[in-house]
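This report goes through one protein chain, beginning with its charges and ending with a single residue. Keep the sequence and the 3D view at hand while reading.

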Amino acid sequence: LKLLYPEHFFISRGNHESSKMNKIYGFEREVIEKYNDNQLYDCFFEVFNCLPLGHVINGAILVVHGGLFSKDGVTLDEIRKTNRFQEIPYDGIMSDILWSDPTHTNGRAPSKRGVGMSFGPDVAKKFLDDNKLKYLIRSHEVKQEGYEELTGGQVFTVFSAPNYCGQMGNKGAFALINGDNKPVFKSFEAVPQPNVPFGKYMSSSF
């Protein structure tokens with residue numbers, strides 16, 4: 001789709017687009033087993049390292065996979081200048097934008113994931129105000145209806161994988177952007193999946 005519609009279709013990098021996560025969750029092994037080709041997996045990983053860290057829609061909405069940062073003062077220009085052509089580091093702007101999660105409590109706290117941050121509505125408001133944005137849309141967390149609006153009404157989670165990992169029973173969702181740039185969410189159910197055992201390609205070591 002990106003090749004067919006380069007001016008209309010946009011892809012952002014997520015925290016799973018990394019060599020460690022590909023080993024743990026089985027993408028590397030699945031590609032190699034299905035196509036018997038290590039070079040094909042290397043091509044996938046090269047593409048992952050090229051993916052942008054986010055997008056700004058209509059000058060008003062920042063779309064990223066994870067969330068915001070472990071310090072105030074991060075600007076859109078700093079994000080643009082961050083070297084994305086690399087494996088995801090453990091900390092810094094790239095790590096935070098792919099791994100952080102919002103919370104209903106003000107302030108910042110260490111993430112339960114062990115990487116990234118938890119950030120509150122006050123942190124989000126300051127970042128959005130400083131960068132003249134209205135909303136943050138992000139993913140990275142399963143939501144039963146496929147989406148969630150956080151306290152303060154400026155941060156939204158949209159999760160488009162229904163019945164995540166074939167086990168969670170959640171709906172998926174996508175966002176439509178209306179005239180005032182506020183997202184409107186549409187939920188959808190999972191469809192039947194191929195009969196592949198959960199975790200077939202997963203690994204506990206990396």
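## Charges and surface

The protein chain carries 23 positive and 24 negative side chains. The centres of these two sets lie 2 Å apart. These values, like the others in this report, are computed from a predicted model.

The area that the protein chain exposes is about 12000 Å². Carbon and sulfur atoms supply 54% of that area. Of the 206 residues, 38% count as buried.

## Overall form

Six helices and 10 strands make up the secondary structure of the protein chain. The radius of gyration is 17 Å, close to the 17 Å that the globule rule gives for 206 residues, so the chain is as compact as a globular protein of that length. Along its principal axes, the C-alpha trace spans about 50 × 40 × 35 Å.

How are contacts spread along the sequence? Among contacts between residues at least 6 apart in sequence, 55% join residues at least 24 apart.

## The sheet of β3, β5 and β4

Three strands form an open sheet in the order β3-β5-β4, and the pairing is mixed. The edges are taken by β3 (101–102) and β4 (108–110), each with a single partner strand, so one side of each has no neighbour in the sheet.

Strand β5 covers residues 117–119 and pairs with β4 in the antiparallel sense, over three bridges. Within this pair, alanine 109 has serine 118 of β5 as its bridge partner.

## Strand β6 and its partners

Strand β6 covers residues 135–138. Tyr135 and Ile137 point one way from β6, while Leu136 and Arg138 point the other way. In a regular strand, side chains alternate between the two faces of the sheet. Are the four residues of β6 buried or exposed? All of them are buried, including Arg138.

Strand β2 (residues 61–63) runs parallel to β6 and is joined to β6 by three bridges. Here valine 63 has isoleucine 137 of β6 as its bridge partner. Strand β6 also pairs with β8 (residues 155–158), again in the parallel sense and over three bridges. In that pairing, isoleucine 137 stands opposite phenylalanine 156, and arginine 138 stands opposite threonine 157. Isoleucine 137 thus appears in the pairing with β2 and in the pairing with β8.

## Strand β8 and the hairpin

Both faces of β8 are covered. Val155 and Thr157 lie on one side, Phe156 and Val158 lie on the other, and all four are buried.

Which strand runs antiparallel to β8? It is β7 (residues 147–149), joined to β8 by three bridges. In this pair, the bridge partner of glutamate 148 is threonine 157 in β8. Threonine 157 therefore has arginine 138 opposite in one pairing and glutamate 148 as bridge partner in another, because β8 pairs with both β6 and β7.

Strands β7 and β8 form a hairpin with five residues between the strands. In this hairpin, glycine 152 takes a positive phi near 100 degrees.

## Valine 31

Helix α2 (residues 27–35) contains valine 31. The relative accessible area of valine 31 is 5%. Buried means under 20%, so valine 31 counts as buried.

What does valine 31 touch beyond residues up to four places away in sequence? The list is Asn36, Leu40, Tyr41 and Phe44. Methionine 168 is 137 residues from valine 31 along the chain, and their C-alpha atoms are separated by 24 Å.

Technical notes: Residues are numbered from 1 along each chain as its sequence is written. This is a predicted model: local features need pLDDT of at least 70, side-chain atom pairs count only at pLDDT 80 or more; totals for chains, interfaces and linings use all residues. Side-chain values use heavy atoms; hydrogens and water are left out. Helices (H or I, at least four residues) and strands (E, at least two) are DSSP runs, numbered from the N terminus. The radius of gyration is taken over C-alpha atoms; the globule rule is 2.2 Å times the number of residues to the power 0.38. Buried means under 20% relative accessible area, exposed over 50%, partly exposed in between (1.4 Å probe, protein chains only). Contact means heavy atoms within 4.5 Å. Accessible areas come from the Shrake-Rupley method with a 1.4 Å probe; for residues, only the protein chains shown count as cover. Lys and Arg count as positive and Asp and Glu as negative; His and the chain ends are not counted. The place of a charge is taken as NZ of Lys, CZ of Arg, CG of Asp or CD of Glu. Two strands pair if DSSP finds at least two bridges between them.
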